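Hi,

Here is the structure I said I would pass on. Have a look at it first, and then read my notes below.

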Amino acid sequence: IWFVRFGMKNHGKASSHYALLSGKQTGEAALDLKRFQYFLQVAEAGSVSRAADIIGIAQPALSRQMRLLEEELEIALFIRNARGMALTDAGEELQARILAPLRQLKLALQDVRLHSPSRTTTIALGLMPSVASILAAPLLLHLQQAGAAIELKIVVASSAALHAKLRAAEIDIALLDDPPSDERIVMRDAFTEKMHLIGKSDSHV
């Protein structure tokens, strides 16, 4: 069983605004980090409509954010066609360069917020049905007894479905069974289960 993490996202209603200076002449607009996060989601989904559903915003608003990002960077990031959105060479380079830094920033902000005594952090945990039946109730009870400022949302699905939800940033962490290798996902061994083959003593197997 593997413990995997794509990134920690805040599922609460409260949000903060962060900006990254564009590096151009003083007085020009700063680039909104939220816009880069939207860009990564559209690039992953391959469609504005699918990305909008995942993020939870209106499709026209998301399309406008992508147009504004392209205008600010002064380069086309997507090839738009009837099937959806495909990255240009510039879009692929941007995705590769900002994916890890943005993930680290989100994790850093999450860690800082955990030190706030008045803030409740929501974490979406993905569990397979066989694991959820064993761990879900004890885990929730432990958090309640410890008084942790964490609201735990448990999502139960198959290992493959949970892996897809991690990539789509619909959940934060998950316990998966033999997940496929993915450089965008941090994986750690959680525990190993022993399996035994049992049969009759007179079996010829």
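What follows is a short tour of what turned up, starting with the whole chain and then going helix by helix.

One thing to keep in mind is that this is a predicted model. The chain has six helices and nine strands. Of its 205 residues, 37% are buried. If you take the contacts with a separation of 6 or more, 65% of them are between residues 24 or more positions apart.

Let's start with α1, which covers residues 33-45. How many of its 13 residues are buried? Ten of them are, so this helix is mostly covered, with buried meaning under 20% relative accessible area. Among the buried ones are Leu33, Leu40 and Ala43, and you will also find Phe36, Tyr38, Phe39 and Val42 in that group. The length of α1 works out too: at 1.5 Å a residue its 13 residues should span 18 Å, and the end C-alpha atoms are 19 Å apart, which agrees. Right after the helix comes glycine 46, with a positive phi near 75°.

Now for the neighbours of α1. A pair of packed helices is described by the angle between the axes and the distance between them. With α3 (residues 59-73), the axes come within 10 Å and cross at roughly 110°. That angle falls in the range from 65 to 115 degrees, so α1 and α3 are roughly perpendicular to each other. Their crossing is left-handed. On the α1 side the contact is made by Arg35, Phe36, Tyr38, Phe39 and Val42, and on the α3 side by Leu62, Gln65, Met66, Leu68, Leu69 and Glu72.

With α2 (residues 48-55), the axes of the two helices are 8 Å apart and the angle is about 125°. Here α1 and α2 are therefore oblique to each other. This crossing is right-handed. Tyr38, Gln41, Val42 and Ala45 of α1 make the contact with Val48, Arg50, Ala51, Ile54 and Ile55 of α2. Notice that Tyr38 and Val42 are listed in the contact with α3 and in the contact with α2.

Is arginine 50, in that list, buried, partly exposed or exposed? Its relative accessibility is 44%, so arginine 50 counts as partly exposed. Arginine 50 belongs to helix α2. Its C-alpha is 9.3 Å from that of glycine 84, although the two are 34 residues apart in sequence.

Past the end of α3 there is a residue to click on: glutamate 74, in the loop between α3 and β4 (78-81). Most residues other than glycine have a negative phi. Glutamate 74, however, has a positive phi, near 60°. At 64% relative accessibility, over the 50% cut-off, glutamate 74 counts as exposed.

Finally, α5 (residues 129-146). Its 18 residues should span 26 Å at 1.5 Å a residue, and its end C-alpha atoms are 25 Å apart, which agrees. Where does α5 bend? The bend is at leucine 135, by about 45°, and proline 138 follows within four residues. The buried residues of α5 are Val131, Ala132, Ala136 and Leu143. What do they pack against? Their partners are the strands β6 (121-127), β7 (150-156) and β8 (173-176). After α5 comes glycine 147, with a positive phi near 70°.

Happy browsing!

Conventions. Residues are numbered from 1 along each chain as its sequence is written. This is a predicted model: local features need pLDDT of at least 70, side-chain atom pairs count only at pLDDT 80 or more; totals for chains, interfaces and linings use all residues. Side-chain values use heavy atoms; hydrogens and water are left out. The expected span of a helix is 1.5 Å times one less than its number of residues. The bend at a residue is the angle between axes fitted to the seven residues ending there and the seven starting there. Buried means under 20% relative accessible area, exposed over 50%, partly exposed in between (1.4 Å probe, protein chains only). Contact means heavy atoms within 4.5 Å. Axes are lines fitted to C-alpha atoms, for helices over the stretch in contact, and angles run from 0 to 180 degrees between N-to-C directions. Angles under 35 degrees count as roughly parallel, over 145 as roughly antiparallel, 65 to 115 as roughly perpendicular and the rest as oblique. A crossing is left-handed if the near helix is turned anticlockwise from the far one by less than a right angle, and right-handed if clockwise.
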